[in-house]
Each structure stands twice: as structure tokens, then as C-alpha cells.
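With the structure open in your viewer, please follow the selections below in order. Each stop names what to select and then says what is there.

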Amino acid sequence: MNEHLLFNLVDLAGTFAFAISGATAARREGLDLFGILVIAYVTACGGGIARDLCIGAVPPAGLSEWRYLLTAVVAALATIVAYRQVERLDHPVRLFDAMGLGLFAVYGAHKALLATGNVEVAIILGMVTAIGGGLARDMLLARVPVVLQREIYASAAFAGAALAVLGERVGWPVLWATWLPILLCFTLRFVSLRFGWNLPRFGGSSSES
């Protein structure tokens with residue numbers, strides 16, 4: 001499998017996983033068909049659109065390429081049809097969110113590195129690609145975004161993006177440079193949920209001076 005095809009598959013797999021996450025969250029909130037489709041699309045493509053705007057890739061792929069909309073719609077409709085089966089999974093929104101997080105962190109970092117050649121930009125935009133859609137989903141559903149809570153979320157995406165950039169810079173084989181960072185990000189996110197790992201939290205004073 002060549003590198004271009006591999007990263008395209010990673011991108012679409014991330015789109016599919018995040019769309020399921022968004023559709024499941026929207027279905028839980030009782031949204032109608034249009035609402036579910038919108039939330040699924042925003043969750044799947046929001047981070048990628050933000051990344052493309054930052055690197056000057058306009059119009060963003062999430063808006064200009066039909067495959068992203070089609071993937072999000074198919075995932076959303078599949079979620080609606082198989083909603084009972086999806087809900088039987090252990091925390092389905094977080095599960096598919098963790099899958100999408102790793103896939104998008106790596107693809108976003110790869111695309112940003114190709115466009116800019118800048119390591120710092122690539123890592124940050126890899127993280128933005130991974131967390132942007134979930135952030136938009138939670139805001140549209142009037143929930144406190146996961147990224148702003150104590151959970152290991154953005155830091156897992158950052159770690160995955162950083163390892164992906166490192167792998168490309170030092171010349172790892174493309175499969176290693178792709179799947180190891182994806183596995184790292186997913187594992188950090190999933191294990192932190194499983195065992196309740198959180199980042200430090202600092203309590204503020206309730207009194208006003």
C-alpha cells in the first residue's frame with residue numbers, strides 16, 4: 001500500500017469514527033434526522049476544516065470533497081439504524097471518539113507537515129484536527145467540551161501527533177510512522193477512561209476579594 005492511499009484511508013476512517021460519535025451524541029439528545037446529520041458532519045469534519053484554514057488549503061477538503069460528506073452521512077445513518085447495538089458498547093461516544101482522535105491526530109500532523117515543513121505547526125495542527133470536531137459537537141449540544149475537562153484528551157492527541165511527526169522526520173517506515181502514533185493516542189485515551197486517569201485539577205477560591 002502506497003503512502004498516499006494509506007493516509008487517505010486513515011483520514012476517512014477517522015471521519016467515519018467521529019461521525020458515529022457525533023451521531024450517537026445527537027441521537028441521545030433527541031435531535032431529528034437533520035440535526036443528527038449536522039452534528040455527525042461537524043464532529044467528523046470540524047477539526048479538518050480548522051486545520052486546512054490554518055495552512056491555507058482553501059477551500060477546506062471537508063467542504064470541497066464529496067467523500068467527507070458522504071462518509072459522515074453513511075456513518076450517521078448507520079448509527080441511527082443500529083442505535084441499539086451501538087448503545088450496547090461500553091461508552092460508545094467516547095469509544096468512537098478515541099478511535100477518531102488517534103486517526104485524525106496522525107493524519108492532521110502529516111498534512112500540516114507536508115504543507116508547512118514546520119514541526120511545531122504540524123504537531124499543534126495535528127492536535128487541532130483531532131479535537132476540533134469534538135469541541136464543536138459539545139458546544140452545539142450545549143455541553144462542557146471534553147477537551148476542557150480533566151480527562152486525558154488533547155494531551156493524548158498531542159502525544160500521537162508528536163510521535164507521528166518524529167517518525168516522519170527520522171524516516172521510520174510509513175506503517176510504523178502511521179500506526180504506532182495512532183495506537184499510542186488511542187491507548188492513552190482509552191486506558192485513561194478505563195482507569196479514571198485525569199490531569200491535575202486546581203480548585204479555585206469561592207470567595208471574592
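Begin by selecting Phe186 and Phe190, which both lie in helix 9 (residues 174-195), four residues apart, or about one turn of the helix. In this predicted model, the centres of the two rings are 5.5 Å apart and their planes meet at 15°, so the pair counts as stacked. Colouring by accessibility would show Phe186 as partly exposed, at 23% relative accessibility, and Phe190 as partly exposed too, with a relative accessible area of 32%.

The structure holds two aromatic pairs, and the next selection is the one formed by Phe18 and Phe104, a tilted pair with 5.3 Å from centre to centre and 40° between the planes. Because Phe18 belongs to helix 1 and Phe104 to helix 6 (residues 92-116), this pair ties together parts that are 86 residues apart in sequence. Is Phe18 buried or exposed? At 1% relative accessibility Phe18 counts as buried, and Phe104, at 3%, counts as buried as well.

Next, select Arg27 together with Tyr83, and turn the view until you look onto the ring: Arg27 lies over the face of Tyr83, at 4.3 Å from the ring centre.

Now move to the interior and display cavities, if your viewer can compute them. A search of the whole structure finds one cavity of 30 Å³ or more, and the volume of this largest cavity is about 80 Å³. To centre the view there, select Asp11, Cys45, Gly48, Arg51 and Tyr68, which, among the 13 residues of the lining, lie nearest the centre of the cavity. Which helices each supply at least two residues of this lining? They are helix 1 (3-28), helix 2 (33-55) and helix 3 (61-64), with the largest share, six residues, coming from helix 2. If you colour the lining of the cavity by residue class, its residues divide into six nonpolar, four polar and three charged.

For the last stop, select Val74, which is found in helix 4 (residues 66-81), and add Leu37 to the selection. A distance drawn between the C-alpha atoms of Val74 and Leu37 should read 9.4 Å, although the two residues are 37 residues apart along the chain. Val74 has a relative accessible area of 42%; since this value falls between the 20% under which a residue is buried and the 50% over which it is exposed, Val74 is classed as partly exposed.

Methods. Residues are numbered from 1 along each chain as its sequence is written. This is a predicted model: local features need pLDDT of at least 70, side-chain atom pairs count only at pLDDT 80 or more; totals for chains, interfaces and linings use all residues. Side-chain values use heavy atoms; hydrogens and water are left out. On a 1 Å grid over the protein atoms alone, a cavity is a set of points where a 1.4 Å probe fits but cannot get out, and a pocket is an open set with protein on both sides within 12 Å along at least five of seven lines; lining residues have an atom within 4 Å of a point. Grid points are joined across faces, edges and corners, and a volume is the space filled by probe spheres set on the points. Ala, Val, Leu, Ile, Met, Phe, Trp, Tyr, Cys and Pro count as nonpolar, Asp, Glu, Lys and Arg as charged, and the others, Gly among them, as polar. Buried means under 20% relative accessible area, exposed over 50%, partly exposed in between (1.4 Å probe, protein chains only). Rings of Phe, Tyr and Trp (its six-membered ring) pair if their centres lie within 6.5 Å; planes under 30 degrees apart count as stacked, over 60 as edge-to-face and the rest as tilted. A charge sits over a ring if NZ of Lys or CZ of Arg is within 6 Å of the ring centre and within 35 degrees of the ring normal.
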